[in-house]
Amino acid sequence: MSAPTREDLARLDAADPLAALRDAFDLPAGVIYLDGNSLGALPRATAARVADVVTRQWGEGLIRSWNTNGWIEAPMRVGAKIAPLIGAAPHEVVVADSTSVNLFKLVAGALTVRPGRATILTERGNFPTDLYMLQGIEALFRGAVRLKAVAADDLPAAIDADVAAVVLTHVHYKSARRWPMGAITRLAHGRGALTVWDLSHSAGALAVDLNGAGADLAVGCGYKYLNGGPGAPAFAFVAERHQAALRSPLSGWMGHAEPFAFSDAYVAAPGIRRQLCGTPAILGLAALEAGVDLFAKVDMTALEAKALALGDRFIDLVEARCGFAGMRLASPREAAARGSHVAFAHRQAYAIMQALIARGVIGDFRAPDLLRFGFAPLYLRFVDVWDAVTIMREVLESRDYEHERFGAFSAVT
Ligand SMILES: *Cc1c(COP(=O)(O)O)cnc(C)c1O
């Protein structure tokens, strides 16, 4: 495809059925934000929602608000609002803890419903916390469980009769490569294994269809495309057919059938609520709910189409206008095999990204040599893609990035 002009992109914005959603966000002037896949932007409604929970619900309602302001139901209520975004039923999703902790709970739970199978299978190069949590489970089971991490190409053949759970990130955090969820799930089921999907880089950007794919378990992040704010609580999905059998290893009182009976013995709550552990983080849930509410009328198929179209235009423009500088596409070119971000490799990736950020184009760097650009389809415009690539071209032409101030690493990249 030949590269579009800025006018072509302005026409796409004019025809974009989702364009009005941008007004629901408080985006700073002078910034093109291409990092909504790492920390989503601030919805305009969030500050007032959180302030209400603090001053009225907490300040005036005090402990009564657990009942009168729906605090105790918030994990299930917000989970039910996330459900349609990921192809789940409302009673199959709950908001709790972090993605890391939810992964621990569900993978350990999967092991208990596949007795006699000792292998957890994952992809080498999966997101670090996913690998680390699985290593933690392996250590905890002291020889009874084995973690096997294989190259992506070798994964389908590695699903054998000893695999209890196949644990994969749907869209890879670096390359944006997308696993075919239905095909992998069918393969896993054919060999008697469960699937656990990490939707951190797909929920809120793609039309995820967990039940359509026959998926068993899933986790995902609240602060990326769901715009729940820094450190927002995460979500967990347990397909209805597994809910009765899947015990949480973190059997805290909020997952008890009757938390306020204060009995000594743990009895798991029916349904998805047993995946709760301790007292829900109400302030974080309030911010997450404000982010999730923006999806209420969004057609996820249209949202995914926009996300991928933004990425397609970006790839075409970077190659056409910045190709001279040795930018190498590090994501699948084919949209159907990609998520909502695009990575380019360059030997000077870190310094180039710092120079871009200094000019208001915020993406991020992923070691060792990737520039990563996220296209959050709720609030980005097609002309933003043009303008970002124009600034990238300026940075590359001027070799601005060679300035030493762009070489110093910060704690968070
Ligand atoms: C962002 C992300 C996480 C985040 O986990 P936390 O527990 O919130 O730190 C986990 N997995 C993947 C694949 C991610 O992209």
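The following paragraphs lead from the ligand and its surroundings to a salt bridge and then to two points of backbone geometry. The structure is a predicted model, and the values given below are computed from that model.

A natural place to begin is the ligand, which sits in the largest pocket. The residues that surround the ligand are Ser98, Thr99, Ser100, Phe127, Thr129, Asp130, Thr169, Asp198, Ser200, His201, Tyr223 and Lys224. By residue class, this shell divides into two nonpolar, seven polar and three charged residues. Two helices, α5 (99-113) and α6 (128-140), each supply at least two residues of the shell around the ligand.

Within that shell, several side chains can be followed atom by atom. An N or O atom in the side chain of serine 100 is 2.6 Å from an oxygen atom of the ligand, while an N or O atom in the side chain of lysine 224 is 2.5 Å from an oxygen atom of the ligand. A nitrogen atom of the ligand, in turn, has a polar side-chain atom of aspartate 198 at 2.8 Å. As for the surface of the ligand, it exposes 390 Å² when taken alone, and the protein buries 86% of that area.

Away from the ligand, attention can turn to charged pairs. Side chains of opposite charge can pair when their charged atoms come close. Counting a side-chain nitrogen of Lys or Arg within 4 Å of a carboxyl oxygen of Asp or Glu as a salt bridge, the model contains 23 salt bridges. One of these joins aspartate 293 to lysine 81, with the closest N and O atoms 2.9 Å apart. This pair links distant parts of the chain, since aspartate 293 belongs to helix α11 (residues 282-293) and lysine 81 to helix α4 (residues 74-82), and the two residues are 212 residues apart.

The backbone itself holds two further points to inspect. Most residues other than glycine have a negative phi, and most peptide bonds are trans. Aspartate 97, a residue other than glycine, has a positive phi, near 50 degrees, and its place is in the loop between β2 (93-96) and α5. Helix α5 has already appeared as a contributor to the shell around the ligand. The other point is a cis peptide bond, with omega about 5 degrees, that joins alanine 367 and proline 368; proline 368 lies in the loop between β12 (364-366) and β13 (370-374).

Definitions and conventions: Residues numbered from 1 in each chain as written. Predicted model: local features only at pLDDT ≥ 70, side-chain atom pairs only at ≥ 80, totals over all residues. Heavy atoms only, no water. Near = heavy atom within 4 Å. Polar contact = N/O pair within 3.5 Å; in protein donor to acceptor, adjacent residues only side chain to side chain. Areas by Shrake-Rupley, 256 points an atom, 1.4 Å probe, with all protein chains shown as cover. 1 Å grid on protein atoms, 1.4 Å probe; cavity = no way out; pocket = protein on both sides within 12 Å on 5 of 7 lines; lining within 4 Å. Sits in = over half its atoms within 2 Å of the grid points. Helix = DSSP H or I, 4+ residues; strand = E, 2+ residues; numbered from the N terminus. Nonpolar A, V, L, I, M, F, W, Y, C, P; charged D, E, K, R; others polar.
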